[in-house]
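Work through the following exercises with the sequence and the model in view. Try each task before reading its solution.

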Amino acid sequence: RIRMVYFGRFIAQKNLDHLIRAAESLPVQLVFIGDGDEREELEHLASHLGVDVEFIRRLPQIDLAKQLRLCDCFVLPSLYEGNPKALIEVMSFGMPVLTTVLAEQAEFIEPNINCIQMTPTVEGLRTGLETFLGLSNYQRDQLGLNAQNSIQEKHSVENIAALENSLFRDLLSDYGKVSNPL
């Protein structure tokens, strides 16, 4: 069985119910780490459909990292995301990802190069899960390696610091142009 992990809040925006429905009868175990308003409903749905879902409460970072190492990929089935920090984190670890986040939402997303991109419908998620299941171990490893490389290239500490430095310079420059800033 392939272990697919999600960590974060269990809320409607994350679309976890659709992920459970998409996994029905597939040879996968879903691992949901976190908590939220939908936990009981998700547990009931998984039980009703016979989908193997392991629910784990929130974990300290070190324990979360241990759990991630036990899984084959990360799945982010969200309906929408602002700044998908969990996605950035797992990609930086070199973990293969399946996501509904679009390249327009996150410039580091490169479908079929560093992730499997899915639509947030049950059918779209199922297609993504089946695509991942059809990959060889080499292809899965390559997806993770490409993910890690793209995050290191675009989200390294040096790059983020340079962007923030540039932003502060621009703000200070604009501040100096205002005759009465208060």
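**Exercise 1.** Find the strands that helix 5 lies across, and give the angle at which helix 5 runs to strand 1.

Solution. The model is a predicted one. Start by locating helix 5, which covers residues 122-133. Next, list the strands beneath the helix: helix 5 lies across strand 1, strand 2, strand 4, strand 5 (97-99) and strand 6. Last, compare directions: helix 5 runs at about 135° to strand 1.

**Exercise 2.** Work out the order of the strands in the sheet and name the edge strands.

Solution. Begin with the inventory: the protein chain has seven helices and six strands. Following the chain from the N terminus, the elements come as β-α-β-α-β-α-β-α-β-β-α-α-α. Then turn to the sheet, in which six strands are arranged in the order 3-2-1-4-5-6. The sheet is open, and its pairing is parallel. The edges are strand 3 (53-56) and strand 6 (116-117), since each of these pairs on one side only.

**Exercise 3.** Describe how strand 2 and strand 3 pair, and state what helix 1 touches.

Solution. Strand 2 spans residues 28-35 and pairs with strand 3 in the parallel sense, over four bridges. For one of the residues involved, V31, the bridge partner in strand 3 is E54. Helix 1 (residues 16-23) packs on the sheet and touches strand 1 (2-9), strand 2, strand 3 and strand 4 (73-76). The direction of helix 1 makes about 165° with that of strand 2.

**Exercise 4.** Locate K14 and E81, and explain what their salt bridge ties together.

Solution. The structure holds eight salt bridges. One of them joins K14 and E81, with the closest N and O atoms 2.6 Å apart. K14 lies in the loop between strand 1 and helix 1, while E81 lies in the loop between strand 4 and helix 4 (85-92), so the pair ties together parts that are 67 residues apart in sequence. Now check burial, where the cut-off is under 20% relative accessible area. K14 has 8% relative accessibility and therefore counts as buried. E81 has a relative accessible area of 15%, so E81 is buried as well.

**Exercise 5.** Trace the network of salt bridges that contains R39.

Solution. Side chains of opposite charge can pair when their charged atoms come close. Take the contacts of R39 one at a time. With D35, R39 forms a salt bridge whose closest N and O atoms are 3.9 Å apart. With E43, R39 forms a salt bridge at 3.2 Å, N to O. E43 and R39 are four residues apart in helix 2 (residues 39-49), so about one helical turn separates them. The network as a whole links D35, R39, E43 and R57.

Then compare the accessible areas:

- R39 is buried, with a relative accessible area of 8%.
- D35 is partly exposed, at 21%.
- E43 is partly exposed, at 32%.

**Exercise 6.** Is N15 buried or exposed, and which residues is N15 in contact with beyond its neighbours within four places in sequence?

Solution. N15 is found in the loop between strand 1 and helix 1. Its relative accessible area is 3%, so N15 is buried. Setting aside neighbours within four places in sequence, N15 is in contact with P77, S78, L79, P120 and L125.

**Exercise 7.** Compare the separation of F93 and Q148 in sequence with their separation in space.

Solution. F93 lies in the loop between helix 4 and strand 5. F93 and Q148 are 55 residues apart in sequence, yet their C-alpha atoms are 6.2 Å apart in space. Not counting residues up to four places away in sequence, F93 touches L68 and Q148. For the protein chain overall, take the contacts between residues at least 6 apart in sequence: 65% of these join residues at least 24 apart.

**Exercise 8.** Summarise the extent and surface of the protein chain, and find a nonpolar patch.

Solution. First, the C-alpha atoms fill a box of roughly 65 × 40 × 30 Å along the principal axes. Second, 42% of the 182 residues count as buried. Third, the protein chain exposes about 10,100 Å², and carbon and sulfur atoms supply 52% of that area. Finally, L167, F168 and L171 make a nonpolar surface patch of about 310 Å². F168 has its place in helix 7 (residues 157-177).

Technical notes: Residues numbered from 1 in each chain as written. Predicted model: local features only at pLDDT ≥ 70, side-chain atom pairs only at ≥ 80, totals over all residues. Heavy atoms only, no water. Pairing = 2+ DSSP bridges. Helix = DSSP H or I, 4+ residues; strand = E, 2+ residues; numbered from the N terminus. Contact = heavy atoms within 4.5 Å. Axes fitted to C-alpha atoms, helices over the stretch in contact; angles between N-to-C directions. Patch = residues over 30% accessible without salt bridge, like charges linked within 9 Å, V, L, I, M, F, W, Y side chains within 5 Å. Areas by Shrake-Rupley, 256 points an atom, 1.4 Å probe, with all protein chains shown as cover. Salt bridge = Lys/Arg side-chain N within 4 Å of Asp/Glu carboxyl O. Buried < 20%, exposed > 50% of the residue type's maximum accessible area, 1.4 Å probe, protein only.
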